[in-house]
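Work through the exercises below with the coordinates open, and try each task before reading the solution that follows it.

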Amino acid sequence: MEPLLVERLERRPMSRADFDRLPEKVRAEYVDGIALVSPPARGEHNHVGVNLVVVLRQAFPDAFLTYERGLELPTGSLRVPDVALQVERDDEWWSPAVPVLVVEILSRWTRDEDLFRKTDDYRRSGIAHYWIVDRAAHTLTVLVNAGEHWDIGLSLTDDDPTGSVEVADLGSVELDLTALLA
């Protein structure tokens, strides 16, 4: 098999068995017989992710919070959100526990995947909240699963950078877009 270190998102058809044999260092997701191989996130992307983890950890200290951890969704897809908040703990490589909340921080290589394909995958899997951070536009959009569609639960911008959101039955969290992007 050819190397899978890439500089941008690449779609590579392969079997699940071949996907499972990929080296651990390869960052990839698996959807409908396609490996979605992407480069590691850049520094500012990671910085925002760590800021979110800190805010979520403070708000929900008993939740199981993970960063770039694999999820095996009920749709059959294997996804790696930037941040996931789970109620159930497990130590599986691909966690079968459906998270309450996932966060994707958009990058130029994964933007379409995060905004379109993952949105449907996460909704159909029963994930209650999908947060999308767009560093370029300086926005954070909180989507709330309404079954057949997503409702917008909160939208933060430079003009309106703070707000609070209820996260399922866990309680609420105060968000400050300026601090998250700092």
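**Exercise 1. Identify which residues are linked in a network of salt bridges.**

Solution. In this predicted model, the structure holds 18 salt bridges. The linked network is made up of R11, E29, R79, E104, E113, D114, R117, K118, D120, D121, R123 and R124. As general background, side chains of opposite charge can pair when their charged atoms come close.

**Exercise 2. For the pairs K118 and D114, and R124 and D121, find the closest N and O atoms and relate each pair to helix α3.**

Solution. Begin with K118 and D114, whose closest N and O atoms are 3.3 Å apart; since the cut-off for a salt bridge is 4 Å, the pair qualifies. Next, consider their places in sequence: because K118 and D114 are 4 residues apart in helix α3, which covers residues 111–124, they are separated by about one helical turn. Both K118 and D114 are buried. Then turn to R124 and D121, where the closest N and O atoms are 3.7 Å apart, and where the spacing in α3 is 3 residues, again about one turn of the helix. D121 is buried, its relative accessible area being 3%.

**Exercise 3. Check the span of α3 against its number of residues, and locate its kink.**

Solution. First take the 14 residues of α3, which at 1.5 Å a residue should span 20 Å, and compare this with its end C-alpha atoms, which are 20 Å apart, so the two values agree. Second, examine the axis, where a kink of about 45° is centred on K118, the residue that also bridges to D114. Third, list the buried residues of this helix, which are E113, D114, K118, T119, D121, Y122 and R123. Finally, look past the helix, where G126 follows with a positive phi near 90°.

**Exercise 4. Is R16 buried, partly exposed or exposed, and how far apart are its closest N and O atoms in the salt bridge with D20?**

Solution. R16 has a relative accessible area of 30%, so R16 is partly exposed, and D20, at 45%, is partly exposed as well. The closest N and O atoms of this salt bridge are 2.8 Å apart. Because R16 and D20 are 4 residues apart in helix α1 (residues 16–20), about one helical turn separates them.

**Exercise 5. Which residues touch the most other members of the largest nonpolar core?**

Solution. Of the 25 residues in this core, the answer is W131, L140 and L175. Leaving aside residues up to four places away in sequence, the contacts of W131 include L52, L56, L101, V165 and L175, and also E104, which belongs to the salt-bridge network of the opening exercise.

Conventions: Residues are numbered from 1 along each chain as its sequence is written. This is a predicted model: local features need pLDDT of at least 70, side-chain atom pairs count only at pLDDT 80 or more; totals for chains, interfaces and linings use all residues. Side-chain values use heavy atoms; hydrogens and water are left out. A nonpolar core is a set of buried Ala, Val, Leu, Ile, Met, Phe, Trp, Tyr and Cys residues joined through side-chain atoms within 4.5 Å. Buried means under 20% relative accessible area, exposed over 50%, partly exposed in between (1.4 Å probe, protein chains only). Contact means heavy atoms within 4.5 Å. A salt bridge is a side-chain nitrogen of Lys or Arg within 4 Å of a carboxyl oxygen of Asp or Glu. Helices (H or I, at least four residues) and strands (E, at least two) are DSSP runs, numbered from the N terminus. The expected span of a helix is 1.5 Å times one less than its number of residues. The bend at a residue is the angle between axes fitted to the seven residues ending there and the seven starting there.
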